[in-house]
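Welcome! Open your viewer, switch to a cartoon view, and follow along one selection at a time.

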Amino acid sequence: MNIALIAHDNKKNDLVQFATAYQTIFSKHTLFATGTTGMRIQEATGLPITRFQSGPLGGDQEIGAMIAKNNMDAIFFFRDPLTAQPHEPDVTALVRLCDVYSIPLATNMGTAELLIRGLDEGFLEWRNILHKNGKSDER
Ligand SMILES: O=C(CO)COP(=O)(O)O
């Protein structure tokens, strides 16, 4: 599965801890991230991660483009609900595309726990059916 990891600044420590705790599961998948989040997780875990631009510089939109091409299977996006973001339109657009394409999106630790365990149990196998039907450019 292709998985994206994103966190706003006040939530980066949480996502780094989460990725470290579930490193074994994440290591079975192909990881993508916005710039700074990806760097932080790579430093902490050594996991291979394809890093896009930083969020305010277009990283959210790059991940959105993957969703639109059916190349993204799940997203962990720890948003900061208490701080205004200069790129709020990009954040909204990313969340919207998840809804357009029914992509599982965890925006906080509580949902993230469910999503990562579900992922490991194979609850996202329906995504493979879409891939097999040739509806994506890559796996
Ligand atoms: O701003 C972000 C998501 O909206 C995250 O970007 P960084 O990972 O580069 O901090």
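How many bridges join strand 2 to strand 3? There are three, and the two strands run parallel. Keep in mind as you look that this is a predicted model.

**The sheet**

Select F32 and look across to strand 3, where T50 stands opposite. Next, turn to strand 1 and strand 2, which also run parallel and are joined by four bridges. To see a facing pair here, pick N2, with T30 opposite in strand 2.

Now move to strand 4, residues 74–78, which pairs with strand 5 in the parallel sense over two bridges. Highlight F76 here: its bridge partner in strand 5 is A106.

Colour all five strands and read the order across the open sheet: 3-2-1-4-5, with parallel pairing. Strand 3 (49–51) and strand 5 (105–106) stand at the edges with a single partner strand each, so one side of each has no neighbour in the sheet.

**Helices on the sheet**

Add helix 1, residues 12–21, which packs on the sheet and touches strand 1 (2–7) and strand 4. The direction of helix 1 makes about 145° with that of strand 1. Then show helix 3, residues 35–45, which also packs on the sheet. Helix 3 touches strand 1, strand 2 (30–33) and strand 3, and its direction makes about 155° with that of strand 3.

**A pair of helices**

Select helix 4 (residues 59–68) and helix 5 (residues 88–100) together. Their axes come within 9 Å and cross at roughly 15°. The two helices are therefore roughly parallel to each other, and their crossing is left-handed.

Show side chains at the contact: D60, Q61, I63, G64, I67 and A68 from helix 4 meet D90, V91, A93, L94, L97 and C98 from helix 5. These contact residues divide into eight nonpolar, two polar and two charged.

**Around the ligand**

For the last stop, which residues should you select around the ligand? Choose I6, H8, T34, G35, T36, T37, S54, G55, P56, G59, D60 and V91. Helix 3 and helix 4 are the elements that give two or more residues to this shell, and the largest share, three residues, comes from helix 3. Colour the shell by residue type and you will find three nonpolar, eight polar and one charged. You may recognise D60 and V91 here, since you have just selected both in the contact between helix 4 and helix 5.

Terms used
Residues numbered from 1 in each chain as written. Predicted model: local features only at pLDDT ≥ 70, side-chain atom pairs only at ≥ 80, totals over all residues. Pairing = 2+ DSSP bridges. Contact = placed C-beta atoms within 7 Å. Axes fitted to C-alpha atoms, helices over the stretch in contact; angles between N-to-C directions. Parallel < 35°, antiparallel > 145°, perpendicular 65-115°, else oblique. Left-handed = near helix turned anticlockwise from the far one by under 90°. Nonpolar A, V, L, I, M, F, W, Y, C, P; charged D, E, K, R; others polar. Near = placed C-beta within 6 Å.
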